[in-house]
Amino acid sequence: KVSGLSTLRDPTTSQHKAAQWTINDARRHGGDRCIQRYILALLFFSTGGNTNWTESSGYLTLEHECDWYGITCDDKYKDVVRAVNLTSNNLGGTLLSDLGELSALEYL
């Protein structure tokens with residue numbers, strides 16, 4: 001389940017930061033993969049990607065999310081995230097339940 005509206009509206013939350021980035025991102029390249037990109041942006045913000053990660057190449061850029069550091073997409077369906085591997089990347093914070101919306105995710 002994706003976060004509720006009150007959480008998305010609160011500017012102090014990772015959900016708000018990820019939603020703001022996603023809205024701007026969708027305007028730039030289209031909205032086909034908005035939910036998936038939102039969830040990965042949420043992972044980035046909620047675990048300190050903007051302050052603590054040792055490697056964050058690709059995150060919050062126009063680059064395809066399947067090319068972001070630690071992200072593996074399905075070989076058959078290239079646009080679907082299958083694995084997130086951010087081992088030893090200095091993550092802090094909380095892994096939010098929104099990650100469950102990555103329906104093909106097999107490894108975290």
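Cys73 is a good place to start: with a relative accessible area of 11%, this cysteine is buried. The model is a predicted one, and Cys73 sits in its strand E1. Setting aside residues up to four places away in sequence, Cys73 touches Cys66, Lys78, Val80, Val81 and Arg82. The N-terminal stretch is another matter, as Gly4 lies 69 residues from Cys73 in sequence and 27 Å from it in space, C-alpha to C-alpha.

One of those contacts is covalent. Cys66 and Cys73 form a disulfide, with 1.8 Å between their sulfur atoms. The link between Cys66 and Cys73 is left-handed, at -90° about the S-S bond. Cys66 is buried, and Cys73 is too. The disulfide count for the structure stands at 1. What keeps Cys34 from bonding to the closest cysteine sulfur? The answer is distance: that closest sulfur belongs to Cys66 and is 14 Å from the sulfur of Cys34, which is too far for a bond, given that a disulfide needs the two sulfur atoms within 2.5 Å.

Next comes the nonpolar interior. The largest nonpolar core has 22 residues, and those with the most contacts inside it are Leu40, Tyr59, Ile71, Val81 and Val84. At least two residues of this core come from each of helix H2 (14-29), helix H3 (34-46), strand E1 (71-73) and strand E2. Helix H3 gives the largest share of the core, at 8 residues. Ile71 gives a feel for how these pieces meet. Once residues up to four places away in sequence are left out, Ile71 still touches Leu40, Tyr59, Glu65, Cys66, Val81, Ala83 and Val84. That list includes Cys66, one half of the disulfide, and Glu65, one half of a salt bridge.

Phe44 offers a second view of the interior, this time from helix H3. Is Phe44 buried or exposed? Phe44 counts as buried because its relative accessibility is 5%, and the cut-off for buried is under 20%. Beyond its neighbours within four places in sequence, Phe44 is in contact with Gly49, Asn50, Trp53, Ser56, Tyr59 and Leu60. For Ser56, one of these partners, the C-alpha atom lies 8.4 Å from that of Phe44, with the two positions 12 residues apart in sequence numbering. Tyr59 turns up here as a contact of Phe44 and also among the best-connected residues of the core.

Helix H3 also takes part in an ionic pairing. Side chains of opposite charge can pair when their charged atoms come close. Here the salt bridge count comes to 1, and the partners are Arg37 and Glu65, whose side chains meet at 2.7 Å, N to O. The pair links distant parts of the chain, with Arg37 in helix H3 and Glu65 in the loop between H3 and E1, 28 residues apart. Are the two partners buried or exposed? Both Arg37 and Glu65 are buried. For Arg37 the relative accessible area is 0%, so this arginine counts as buried. Arg37 and Ile23 are 14 residues apart along the chain, and their C-alpha atoms are separated by 10 Å.

Two backbone angles deserve a mention. Leu60, a contact of Phe44, has a phi near 60°, a positive value in a residue other than glycine. Leu60 is found in the loop between H3 and E1 and is partly exposed, with 24% relative accessibility. Asn90, also not a glycine, has a positive phi of about 65°. Asn90 belongs to the segment after E2 and counts as partly exposed because its relative accessible area is 46%.

The segment after strand E2 (81-84) also holds Leu108. Leu108 is exposed, at 53% relative accessible area. Together with Leu91 and Leu95, Leu108 makes a nonpolar surface patch of about 280 Å².

Key. Residues are numbered from 1 along each chain as its sequence is written. This is a predicted model: local features need pLDDT of at least 70, side-chain atom pairs count only at pLDDT 80 or more; totals for chains, interfaces and linings use all residues. Side-chain values use heavy atoms; hydrogens and water are left out. Patches are made of residues with over 30% relative accessible area and no salt bridge: like charges are joined within 9 Å, nonpolar side chains (Val, Leu, Ile, Met, Phe, Trp, Tyr) within 5 Å. Accessible areas come from the Shrake-Rupley method with a 1.4 Å probe; for residues, only the protein chains shown count as cover. A salt bridge is a side-chain nitrogen of Lys or Arg within 4 Å of a carboxyl oxygen of Asp or Glu. Helices (H or I, at least four residues) and strands (E, at least two) are DSSP runs, numbered from the N terminus. Buried means under 20% relative accessible area, exposed over 50%, partly exposed in between (1.4 Å probe, protein chains only). A nonpolar core is a set of buried Ala, Val, Leu, Ile, Met, Phe, Trp, Tyr and Cys residues joined through side-chain atoms within 4.5 Å. Contact means heavy atoms within 4.5 Å.
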